Every structure is written in structure tokens, then in C-alpha cells.
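Student: Could we go through this structure together and check how its labels are earned?

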Amino acid sequence: MRSLPRSWGWWLAWALLSLAGGLVLAQQALQREQAAFETDARIAHRLLSQRVVAHDAVLAMLALLQPGDAALARLPSVYSQILSIRRSDAEAPWPGAALREAEARSRTTRQPALADLDVARGRYRLVQAAQPASYALQIDVASMVPWDEWPMARERSPVAVALVLGEQRLPVQAGRAVAHGWSYAFRKTLAAPSQPFALVATRTVGWSELPWGRMLALSAAVAAALATARWLRRQADARRRAEALLRLGQVGRLNALGELAAGMAHELNQPLTALLASTQAARRLVAEDPPEIATARAAMDQAVAQARRASEVVGRLRRAVERPGPGAALQAVDLPAAVRKALDLLEPELQRRAVVLQLDGATDVQVRADPVALEQIVHNLLLNALQALEQVPLEERRLALTLAREQAEGVLAVQDSGPGLAPEVLPHVFEPFFSTRAGGLGLGLSLCESLAQGMGGSLSAANATLRGGMFRLRLPLAEGAAA
């Protein structure tokens, strides 16, 4: 499995939150448009219903009063939608079949009847049968609309309104054609049974009408919030890494001090032993010499005492700093988790050096180890690899970590694409105080090997087949994990 940059998660979160917020804003905008559309359509239906009911009232008044021609001529000036009023009596029947049929229906139903529609000109005729004369009104649909009370701007409104009767359609308001979007429709029959038109209103909200400004503002706000959260997260991670590295440094310094003291004790023990043997021999020789025997014996006794005291001090120092032997304070540790923890601590260094990381192999390797010692070994091996990669160009920096289970051992292989280990250096990499770096103490790899051996494992070094160095850490599998 390859290491992925963490930034993709933030980008994904920004995209998902922006999309969700944009959908909410778009839905709210569409709901507002739908509510406004339905409100306007209902107002339009009420206004037109009032007008068609007024037509019935005019015809009922004419049938009752039977006015003369002068009164009939004045009505169109009062009702602008009434273009003309015609009268027919028994001596002069209606000239057209449509008017005669409408008059017959009106006599049957005792209410006005629709005669015909002139769709091309947007007009229709309405007949009221009465005695001694029947009356017919010619009504203009466009003039019937009370534009001063109309809830929509006739020329600019995107809502299309029409009066529909069967397959015939009388346009009232053209609206605006939109090819793609969200469509709403309203249909309701007018209140006059004599004029059974259905008011049909349609509205399509196009993509350009969505609240893009607010959606972009929301997306920017989400980006700012996530950027702040990411900055705070980085600060917290930086503090956590600093604390962990400080703890590792303290442990490393203590272990390095122990390694140094152990080496000094080993180096001093032989001359102190020789000193002890020499002083004891001198004591015997002086004891055989007659001159100043008591004084010489006392001096030699003091030298012997001081030598023994120095040996005891060095022994106590070595015992105080010596690490526990195999089997002490060991427990089951998840090796992949320890590797990931070390990688997390060194993530800034990996990014600063532009290292391409590859982590492969088993994901469930439980080893028997000291967690702190294991963490220090992995940290030192990774740091050693990063230092080697500094010697090659940026585009060639590769770091491969492989986890495996081999028989009863868990194995971690750390391979870099650096210059590798020189043949004369390879046999000495784990020797104390041996270092190829200027200013290096040469205790890091020696300490790692000692820690690995103290946990019953091993640490080896070799050159990779193609390029770079490879360090392989082996630790016993925890009980129950060797299957």
C-alpha cells in the first residue's frame, strides 16, 4: 500500500460540504420560486374568475331588463373586454348555427352558453336565451385580464398563462421559454360554469436562476473553515510530534549514555585488573625486602584498596546503566502500528526531503518487544535512511518499507535509494563509535542492534540488489501470532 497525501481528504471534505450546502441553497431557492409561482397563479385564477362571473351577470341583466339599442351601445364602454352585444328575437333568429345551438343549450340549462372560440384572435362568444329577445356577447380575452391588478409583469414574467378548453388554447401571457430546468404547473377551472375554461400556468426555473452567488460564498466559507481547521490540526500534530520526538530523544540519550558507560566500563576493566595484579605482586616483593618493610607494605595495601575501589565503582556504573536482558518487560506489540507511528512523527521530514514512500506487506504482525525500544529502533532506522537519501537528487529519493512474517519472526525491511554502504564500511556499521558522518557519535545503529538483541531479535545491514542500503529488523512473534 502506498502512502497517500492527507490533503486529498480535506479537498474531498470541502467538495462534499460545498455540494451539500449548494444543494440545500438550491432546494430552498426552488421552493421559494414554486411558492411564489403558485401564489401568483391562484391570484390570476381569482381575477379571471371574477371577470367571467361578471359576464354571466351582464347577460342576466340584459335578459331581465331587455334594454334598447342605446343602452346596449354603452355597455362596451363600461366593460372593455366586451367587444360587441347582439340581440335576437323570434322574428329575427341568429344567423349562424353556432349561436343558434348555444341559444338552445341556454334555454335548456337556463344559464349562458358558450357559442364558439376564435383562437386566432383570442375571442369567444357567449349567448343567453331569454324572452322576448336573446343576447350574445363577444369577449376579448386579452382585454378581460385586469392588468392593473395582475400579480405578474406581463412582458418580463417567466410564467406562461393560458385559458384552455379541450384542445383549444387562448394565450393570456406568453412567459419565457427555458429548455432545461425545474418545471411547475398550475391548472384550475374558472368559477363560471358557462365559461368552463381551465386556467393553466406553467413555469420553468433555469440553471441560471439558481443562487450561484450564495452557493459560491458558501463554498468559500467552507474552504475558509476547513483551512482553519486544517491549520489547527497541523499545529496540534506539530505539538504532538515535538513531544514524542522529545521523549524519544530523552530515551535515546539515556540509552546512548548507557552504551557509552558500558563501553567505558569494558575499556577500563582490563587496566584496572592489571593494576590490581601488579600492586599485589609488588606487595609480595616489597614484603620480602628488608628495608622499610612496614611503610612499603602500607603503601601497597593502600594501592590495592584504591584499585579495588575503582573496579567496584566501574562495576556499579556498568550495572546501573546496563539494559535488561532478554525477556524483561516485553509484551505483544503491533509492528505495523509502530511503523505507522514512526512515519507519522517523521512526516514533516519526509515532505521536506520530497521522499516517495512505499509501505507494503503484511498488516497484522504482532511481535514480542518493548514498545519504547521498538519505537526507537524504527525511528533511528528511518532517520538513518533519510540521511542517506540526502546524498541523491530529489527525483531519485525512494523509501520502501516491507513488513513480513517469516517462520516465528516478524520482519521489518527498510530500504532506501541512497548511495548504499561501501564494502569497507559494511562490516563496521554496528560497532560503537563508528560513523561515516562528520560529527556523528556512531552510537545510533549500535544502540539499535543492542536493543534488538535485548528483545531476542536481530538487526542486519546489507546493500540492496539494485541500489541503496537495506536494514532488516527481526523480532520474535508474540505468543499466539506465529500461526
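Tutor: Happily; a few labels follow, each set against its definition. This is a predicted model, where local features need pLDDT of at least 70, side-chain atom pairs count only at pLDDT 80 or more, and totals for chains, interfaces and linings use all residues. Residues are numbered from 1 along each chain as its sequence is written, and side-chain values use heavy atoms, with hydrogens and water left out.

Student: Why is Leu 343 called buried?

Tutor: Its relative accessible area is 10%, and buried means under 20%, exposed over 50%, partly exposed in between (1.4 Å probe, protein chains only). So Leu 343 counts as buried.

Student: What is Leu 343 in contact with, leaving aside its neighbours within four places in sequence?

Tutor: Its partners are Leu 350, Leu 357, Leu 359, Leu 382 and Leu 401, where contact means heavy atoms within 4.5 Å.

Student: What makes Arg 352 and Glu 349 a salt bridge?

Tutor: The term asks for a side-chain nitrogen of Lys or Arg within 4 Å of a carboxyl oxygen of Asp or Glu. Here the closest N and O atoms are 2.8 Å apart, so the pair qualifies.

Student: Which of the labels buried, partly exposed or exposed fits Arg 352?

Tutor: Exposed, because its relative accessibility is 56%. Glu 349, at 26%, is partly exposed.

Student: And how do you know that Glu 390 and Arg 353 form a salt bridge?

Tutor: Their closest N and O atoms are 2.6 Å apart. This pair links distant parts of the chain, 37 residues apart. Arg 353 is buried at 8%, whereas Glu 390 is partly exposed at 41%.

Notes: Helices (H or I, at least four residues) and strands (E, at least two) are DSSP runs, numbered from the N terminus.
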